[in-house]
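User: Please take a close look at one part of this model, a loop residue with an unusual backbone, and describe it together with the helices around it in the sequence.

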Amino acid sequence: GDLLGSLHGSRAISHARLGQLEAARHDAQEAIRYRERAVAQEPANVVARDGLVTEATNGGVILLRLGDNPAALAATRVAWAHVQTLAHENGPGNKWLEARPRVAQHHGRALLANGQFAEAARVLPEAMALWQAKLAEQPGPHPQRMLAWMSLQLARAEWGLGQKTEATTRAQHQVNTLQTLAQAPKAGDALLNLGEACLFMAQAQPANRAAWLARSRTAYEGANALFPLKGDHLANYEAAGGQRTISPPAR
């Protein structure tokens, strides 16, 4: 079970990186199934439980990409429950204390996607703290982008909780950060995050909705020039007024 879980999990990641999201879904769900079976057979086996955390987290990410939000949350809840238990059981400095924030960032997103804003607002700060620490330790565009993206997710949670002024201010700051990061060559991830941030701002500032939607489309089109939009990125582009028939990137 562990070996089959690992093989399916690796293949799921490969499919996802190639934009083959439906194929990735199948392998991710198989990976979780085999890992859960291994844990059921040996509940005290730390290696099996650790593997389940990995596959359930990765599966949640893939399912979010596909817009299957209930299934994504079911997967990340498994990962979150096991990583918290492992972190608690294994004393100071254990590897799961470090893994928790990485699971938190995807579990928080899955909670948001399912409208569970209060729980998301409790989980996401743990992910933000990780990237704040990474940025302080070694400044660079990757931790800066990840901190901005996680801060945007917290803004979405705050908005859902009715904290609209705080959410708008927080999100506007992330737009500024991501706009700067998106100027770098091949900054595809920053462009995707910027598109998402501008789409949120269209909701937060309805008086400027058209301008924000245009900025969102421009960011997504810039990302598409590097790699074809798929899944949730394409859905967001369409929500910003873009066309499903967006041209593939030039090769």
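Analyst: In this predicted model, Lys-186 counts as exposed, because its relative accessibility of 76% lies above the cut-off of 50%. The backbone of Lys-186 has a positive phi of about 55°, although this residue is not a glycine. Lys-186 is found in the loop between α8 (164–181) and α9.

Helix α9, which covers residues 188–204, is made of 17 residues, and its first and last C-alpha atoms lie 24 Å from each other, close to the 24 Å expected at 1.5 Å a residue. Of the 17 residues of α9, 14 are buried, so this helix is largely enclosed by the rest of the structure; Lys-186, in the loop between α8 and α9, is by contrast exposed.

A positive phi is also found at Gly-162, just after α7, where the value is about 90°. Helix α7 itself comprises the 20 residues 141–160, for which a span of 28 Å would be expected at 1.5 Å a residue, and the 29 Å between its end C-alpha atoms agrees with this. Because 15 of the 20 residues of α7 are buried, this helix too is largely enclosed by the rest of the structure.

Elsewhere in the chain, Leu-4 has its place in helix α1 (residues 2–17) and is partly exposed, with a relative accessible area of 37%. Together with Leu-3 and Leu-7, Leu-4 makes a nonpolar surface patch of about 300 Å².

Terms used
Residues numbered from 1 in each chain as written. Predicted model: local features only at pLDDT ≥ 70, side-chain atom pairs only at ≥ 80, totals over all residues. Heavy atoms only, no water. Patch = residues over 30% accessible without salt bridge, like charges linked within 9 Å, V, L, I, M, F, W, Y side chains within 5 Å. Areas by Shrake-Rupley, 256 points an atom, 1.4 Å probe, with all protein chains shown as cover. Salt bridge = Lys/Arg side-chain N within 4 Å of Asp/Glu carboxyl O. Helix = DSSP H or I, 4+ residues; strand = E, 2+ residues; numbered from the N terminus. Buried < 20%, exposed > 50% of the residue type's maximum accessible area, 1.4 Å probe, protein only. Expected span 1.5 Å × (residues − 1).
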